[in-house]
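Reader: I'm in my first year and still learning to read protein models. Could you take me through a close look at one part of this one, residue by residue, and then help me place it in the whole?

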Amino acid sequence: MAQTLMLMRNNYALYLCLLMLAVTVKSNAQDSINVVTTAVPMLRISPDARAGGMGDVGIAISPDANASFWNQAKIPFAQQKAAISLTYTPWLKDLGLNDVFIGTVAGYYQIAENQAISGSLRFFNLGSIQFTDFSGNDLQQFRPREWSIDGGYSRSLSDKIGVGIAMRFIYSNLANGTTNGVTYKPGTTVSGDISFYYNGLNEEGKGFTAGAVMSNLGGKISYTNDARGRDYIPANLGIGAVYHAVFDETNKLSIGMDINKLLVPTPPSSRTPEALDAYRNKSVVSSWFSSFGDAPGGFKEELKEFQISTGLEYSYSELFFARAGYFYEAKTKGNRRYFSAGVGVKYNRLGFNFSYLVPTGQGINRNPLSNTTRFSLLFDLGGDAGESTTPE
């Protein structure tokens, strides 16, 4: 087992091999593959079925129980005083991994007309991993797990502006054992979110909403006692905007877009020890800013590190919802590109959302996320929110 751990732990290989993260990178003689990798990428997996059906658009869509995953600042504008959501996602089932799944719980409570508290929990079960030695002989099985828990506070500064903050604890247990005096252990760290929301809707619910979020701003994470082996977590800058059209009392349509950029250094094109040390040893704060200009190849290559989500949601009488979306990532940065669709129903205070990722590609180029489904249950609690969101 020690030999296997040694091989898998090199840089980020351990985590990427265990997750088999839905990245289909097709090599091309004209393209240089240079994917920006992080530890704990589960923090960037779409955590609810509503946004999942819209191509992972979530920053500026109308607030619901899952708002704490996307944008804390919009929670004071929610129509319900309190809500909770449960989501279950079988992960990479198209690859035959039947014991891998993501489960989430999220909720909020408006403590005043213009203030709210919220919390969420993510749990990632990576199934059972069979470790082997160099000869392929079975050694033992290990069941990797990781989770994060957070709490947040949000406040509306006016009837149009909201702000929010959150703190998060992250736990990731990917391997154990000792080799060459190095002990592998669960990794832990903390991070925080800062969010902003603009509510430009009129009394009919028509108009623009927008938001910006800096998420997972925190320390590096390590799976050993070696200080040089600390990995970046997926700090991210996201901006989003949605236009809400109201055709009549029963028919509404929302069309939105999110743009996301990891605030993580781009791996150097040169794999010399000096270049790799400079990459790994960069401080967290400096990496947030330098991530906008460190891509080998200059500005053109830097633009490829932006992920784009587009989606729409049709609502009939706030009882039935139909959704569709598209997610785009550059070929040299992971090549995740897929269409998604979803539906939702709501009866009284109970809601159900379902999303489906449309299969793309064939053979070895088939998207590993094909046929991914998400199921969310939402419960509205505590009555309607107050009409006024103006600070006292």
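Author: Let's start with N335, which counts as buried because its relative accessibility is 17% and buried means under 20%. Please keep in mind as we go that this model is predicted. To find N335, look in the loop between β15, which covers 320-328, and β16, which covers 337-347. Now turn to the backbone: phi of N335 is near 60°, a positive value, and N335 is not a glycine. Why point that out? Most residues other than glycine have a negative phi.

Follow the chain through β16 and you come to N348, in the loop between β16 and β17, the latter being residues 350-357. Here too the residue is not a glycine and phi is positive, about 55°. Is N348 buried or exposed? N348 is exposed, because its relative accessible area is 59% and exposed means over 50%. So we have a loop asparagine that is buried at N335 and another that is exposed at N348.

From these loops, let's move to residues in strands. S195 sits in strand β10, residues 187-201. S195 is buried, since its relative accessibility is 5%. What does S195 touch, once neighbours within four places in sequence are left aside? The partners are N71, Q72, A73, G162, V163, G164, A212 and V213. Two of these residues also meet the side chain of S195 through their backbone nitrogens. For Q72, the backbone nitrogen is reached by that side chain at 3.5 Å. For A73, the backbone nitrogen lies 3.2 Å from a polar atom of the S195 side chain. You can also try a distance between C-alpha atoms: S195 and I239 are 44 residues apart along the chain, and their C-alpha atoms are separated by 9.8 Å.

D150 offers another strand position, this time in β6, residues 145-156. With a relative accessible area of 7%, D150 is buried as well. Its contacts beyond four places in sequence are S118, G119, S120, M167 and R168. Which side chains make polar contacts with that of D150? One is S120, with a polar contact of 2.7 Å. Another is R168, where the contact is 3.2 Å.

Now let's place these residues in the whole. The protein has 7 helices and 18 strands, and 50% of its 392 residues count as buried; N335, S195 and D150 belong to that group. Contacts across the chain are worth a look too: among contacts with a separation of 6 or more, 63% are between residues 24 or more positions apart. On the outside, the protein exposes about 17,600 Å², and carbon and sulfur atoms supply 60% of that area.

One more thing to look for is empty space. Rolling a probe the size of a water molecule over the atoms shows where such space is left. The largest pocket holds about 1,400 Å³. Its lining is made of 45 residues, and those closest to the centre are S62, P63, F77, A78 and Q79. Sorted by class, that lining has 17 nonpolar, 15 polar and 13 charged residues. If you go back to the view, try finding N335 in its loop after β15 once more, and then look for those residues closest to the pocket's centre, F77 being one of them.

Terms used
Residues are numbered from 1 along each chain as its sequence is written. This is a predicted model: local features need pLDDT of at least 70, side-chain atom pairs count only at pLDDT 80 or more; totals for chains, interfaces and linings use all residues. Side-chain values use heavy atoms; hydrogens and water are left out. On a 1 Å grid over the protein atoms alone, a cavity is a set of points where a 1.4 Å probe fits but cannot get out, and a pocket is an open set with protein on both sides within 12 Å along at least five of seven lines; lining residues have an atom within 4 Å of a point. Grid points are joined across faces, edges and corners, and a volume is the space filled by probe spheres set on the points. Ala, Val, Leu, Ile, Met, Phe, Trp, Tyr, Cys and Pro count as nonpolar, Asp, Glu, Lys and Arg as charged, and the others, Gly among them, as polar. Helices (H or I, at least four residues) and strands (E, at least two) are DSSP runs, numbered from the N terminus. Buried means under 20% relative accessible area, exposed over 50%, partly exposed in between (1.4 Å probe, protein chains only). A polar contact is a pair of N or O atoms within 3.5 Å; within protein, one must be able to donate a hydrogen and the other to accept it, and residues adjacent in sequence count only if both atoms are side-chain atoms. Contact means heavy atoms within 4.5 Å. Accessible areas come from the Shrake-Rupley method with a 1.4 Å probe; for residues, only the protein chains shown count as cover.
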